[in-house]
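Hi there,

Here is the structure I promised to pass on to you. Please open it alongside this email, and I will go through what turned up.

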Amino acid sequence: MESVSVVGLGKLGQCFAACYAKRGFRTIGVDVNAQVIESLNAGRATLVEPGLQDIIEECAGKTFFATTEHAKAIAETDVTFILVATPTDHQGNFSNEYVESALVALAQSLRASEKKHHLFVVSSTLMPTAIEQRIIPLIEEHSGRRLNDGFSVCYNPDFVALGNVVHGFLNPDFVLIGESSPEAGARVVELYERFLENKAPVFRMNIVSAEIAKVSLNTYITMKISFANTLANICEKVPGADVDSITRAIGTDKRISPYYLKGGLAYGGTCFPRDTGAFISFSKKVDNPPLLIEAVERVNQLQDENLASIVLRETHALRESKKKTNIRVGILGAAFKPGTPVIVASPAIALIDRLLHEGVEVLVYDHLATENVKQRYGERVKIASSIRECFNDSSVVVVAGADKEFQNMNESVIAHNPTTVVDCWRLNQKLSEHRGVRYLALGKPYAHSAD
Ligand SMILES: NC(=O)c1ccc[n+]([C@@H]2O[C@H](COP(=O)([O-])OP(=O)(O)OC[C@H]3O[C@@H](n4cnc5c(N)ncnc54)[C@H](O)[C@@H]3O)[C@@H](O)[C@H]2O)c1
């Protein structure tokens with residue numbers, strides 16, 4: 001049975017290792033977190049991703065073996081994928097800290113081993129030039145071997161999205177391989193041929209090109225999101241203009257495509273803001289003014305400010321008209337996108353922060369993200385257990401998530417009158433006809449109406 005090892009069993013690595021085990025490879029998973037290792041060996045995944053638990057349950061002890069010992073990756077396999085975290089440092093660059101500590105441990109084991117060759121495949125997101133300038137010299141130093149002689153290196157970043165990681169790994173749109181030698185790249189292609197469920201095209205190139213390609217992809221998407229948001233902002237100011245009709249039409253053109261072309265809230269999450277920031281930082285490093293992408297970031301900040309100003313205007317107006325001091329705002333959806341509990345850099349969280357700062361009471365409903373919201377705010381925000389409760393106990397409700405349950409919500413949930421609804425994705429335009437509801441939609445002219 002062919003073997004591979006995966007170092008770093010977090011949100012991505014755990015799914016990646018599980019996919020290899022499912023596809024019949026003897027898979028060694030390595031992580032420094034002993035609790036994660038214990039749980040995986042007992043057949044329990046440590047995170048929620050569709051399909052993951054079933055695979056771990058089926059493969060643990062058969063094709064999947066987890067360990068805290070990096071040496072086993074070297075001793076029992078000839079190819080090691082590195083998928084540890086690369087957090088953003090204070091200058092917007094990805095930190096190599098964990099990649100380096102994992103590779104030092106692996107390279108030292110390689111030095112002590114008699115095997116002729118080992119292939120390191122770095123899949124963690126790194127700053128362009130990091131592999132040639134930092135990672136390869138580090139492996140050479142600790143293994144006592146030379147590149148493309150006693151070891152080789154490939155850069156093989158992932159483009160999967162949280163909430164769809166298992167399926168995304170097995171069915172990517174394409175595979176990107178930066179290679180230190182044609183033989184190393186060919187070996188990774190061979191593995192993918194047996195690993196993928198689809199026939200994704202493979203793009204092979206040198207390492208630095210692959211590093212630049214990785215940060216470019218998400219940066220292009222954020223540029224597109226900011227363009228759609230710019231269109232929505234323009235439409236808010238033009239009576240009769242309909243941003244969705246416009247994006248639907250122009251998105252049909254192959255040169256544009258419909259994906260990520262919906263005006264709404266700012267982009268957020270674990271990847272978009274940080275990859276965009278890294279692109280800007282790298283651009284400055286090579287002395288290329290990052291004009292275009294700095295504008296993308298600025299548009300994104302404006303999107304948060306635009307939403308906050310609409311919601312604050314509504315709460316102030318209600319406070320005046322009702323002579324009440326506490327107008328509560330309900331937020332439907334706190335995660336950065338539907339189907340995930342992750343609230344990192346979520347526009348809903350930016351809104352909650354601003355409202356709390358202004359002394360406005362906040363009530364949140366997001367059944368997947370409840371724990372993360374509690375952890376961040378403690379007693380400072382209230383948690384609703386249903387959409388109905390959120391409407392019941394708030395005067396202004398912001399539909400921040402584009403989740404199906406918010407799209408499908410029935411008018412009967414609106415038990416409290418009068419209620420102002422701020423619909424960030426124009427999911428429930430029928431509410432504009434509901435008596436007693438003041439309905440405001442981002443991207444629509446009446447987002448700014450003060451009637
Ligand atoms: N999360 C995403 O959506 C996403 C998408 C594409 C790419 N990426 C990239 O994938 C990489 C991994 O991200 P993640 O979200 O899975 O991270 P994570 O924080 O969820 O997991 C990282 C894991 O690495 C382990 N680890 C740290 N140091 C180690 C070491 N020396 N040896 C072994 N294990 C070690 C940690 O214990 C943890 O389990 C990052 O570079 C990230 O940028 C993430």
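Below are my notes, going from the domains down to single residues. Please keep in mind that this is a predicted model.

**Domains and a helix pair**

The domain assignment splits the protein into domain 1, covering 3-205, and domain 2, covering 223-451. Their C-alpha centres are 36 Å apart. Domain 1 gives 15 residues to the contact, and domain 2 gives 11 residues.

One helix packing you may like to look at is that of α6 (residues 130-143) with α9 (residues 207-236). The two axes are 9 Å apart, and the helices cross at an angle of about 115 degrees. On the α6 side, the residues that meet the partner are Ala-130, Ile-131, Glu-132 and Ile-136. On the α9 side they are Ile-207, Val-208 and Glu-211. Sorted by class, this contact has 5 nonpolar and 2 charged residues, and no polar ones.

**Aromatic rings**

How many aromatic pairs does the structure hold? The count is 14. One of them is formed by Tyr-260 and Phe-272: their ring centres are 5.8 Å apart and their planes stand at 85 degrees, so this pair is edge-to-face. The cut-off behind that label is an angle over 60 degrees between the planes. Tyr-260 belongs to the loop between α10 (243-250) and α11 (272-285), while Phe-272 belongs to helix α11, so the pair ties together parts that are 12 residues apart in sequence. The two partners also have their own accessibility values: Tyr-260 is partly exposed at 46% relative accessible area, whereas Phe-272 is buried at 14%.

There is also an aromatic cluster made up of Phe-16, Tyr-20, Phe-25, Phe-81, Phe-169, Tyr-192 and Phe-195. Phe-25 has a further partner: the charged end of Arg-194 sits over its ring, 4.4 Å from the centre.

**Two positive phi values**

As background for this part, most residues other than glycine have a negative phi. Two residues here are worth a look in that light.

Asp-287 has a phi near 65 degrees, a positive value in a residue that is not glycine. Asp-287 is located in the loop between α11 and α12 (291-322). With a relative accessible area of 70%, Asp-287 is exposed.

Ala-345 has a positive phi as well, near 50 degrees. The loop between β9 (328-332) and α13 (347-357) holds this residue. Its relative accessible area is 45%, so Ala-345 is partly exposed.

**Two buried glycines**

Ala-345 comes up again as a contact of Gly-269, which also touches Phe-336 and Val-344, leaving out residues up to four places away in sequence. Gly-269 sits in the loop between α10 and α11. Is Gly-269 buried or exposed? Its relative accessibility is 4%, so Gly-269 counts as buried. As a distance check, the C-alpha atoms of Gly-269 and Leu-427 are 21 Å apart in space, with their positions 158 residues apart in sequence.

Gly-8 is found in the loop between β1 (3-7) and α1 (13-22), and Gly-8 is buried too, at 6% relative accessible area. Its contacts, without neighbours within four places in sequence, are Gly-13, Gln-14, Val-30, Asp-31, Leu-83 and Val-84. The C-alpha atoms of Gly-8 and Phe-81 are 8.7 Å apart, although the two residues are 73 residues apart along the chain. Phe-81 is one of the members of the aromatic cluster above.

**Two residues in helices**

Asn-41 lies in helix α2, which covers residues 34-41. With 39% relative accessibility, Asn-41 is partly exposed. Apart from residues up to four places away in sequence, Asn-41 touches Ala-60, Phe-65 and Ala-66. From Asn-41 to Gln-91, 50 residues apart along the chain, the C-alpha separation is 38 Å.

Val-299 is placed in helix α12. Where are its contacts, once residues up to four places away in sequence are set aside? Val-299 touches Ser-226 and Thr-230. For the second of these, the C-alpha atoms of Val-299 and Thr-230 are separated by 7.3 Å, with the residues 69 apart along the chain.

Those are my notes for now. Happy browsing!

Best wishes

Notes:
Residues are numbered from 1 along each chain as its sequence is written. This is a predicted model: local features need pLDDT of at least 70, side-chain atom pairs count only at pLDDT 80 or more; totals for chains, interfaces and linings use all residues. Side-chain values use heavy atoms; hydrogens and water are left out. Rings of Phe, Tyr and Trp (its six-membered ring) pair if their centres lie within 6.5 Å; planes under 30 degrees apart count as stacked, over 60 as edge-to-face and the rest as tilted. Helices (H or I, at least four residues) and strands (E, at least two) are DSSP runs, numbered from the N terminus. Buried means under 20% relative accessible area, exposed over 50%, partly exposed in between (1.4 Å probe, protein chains only). A charge sits over a ring if NZ of Lys or CZ of Arg is within 6 Å of the ring centre and within 35 degrees of the ring normal. Axes are lines fitted to C-alpha atoms, for helices over the stretch in contact, and angles run from 0 to 180 degrees between N-to-C directions. Contact means heavy atoms within 4.5 Å. Ala, Val, Leu, Ile, Met, Phe, Trp, Tyr, Cys and Pro count as nonpolar, Asp, Glu, Lys and Arg as charged, and the others, Gly among them, as polar. Domain bounds come from an automatic or database domain assignment.
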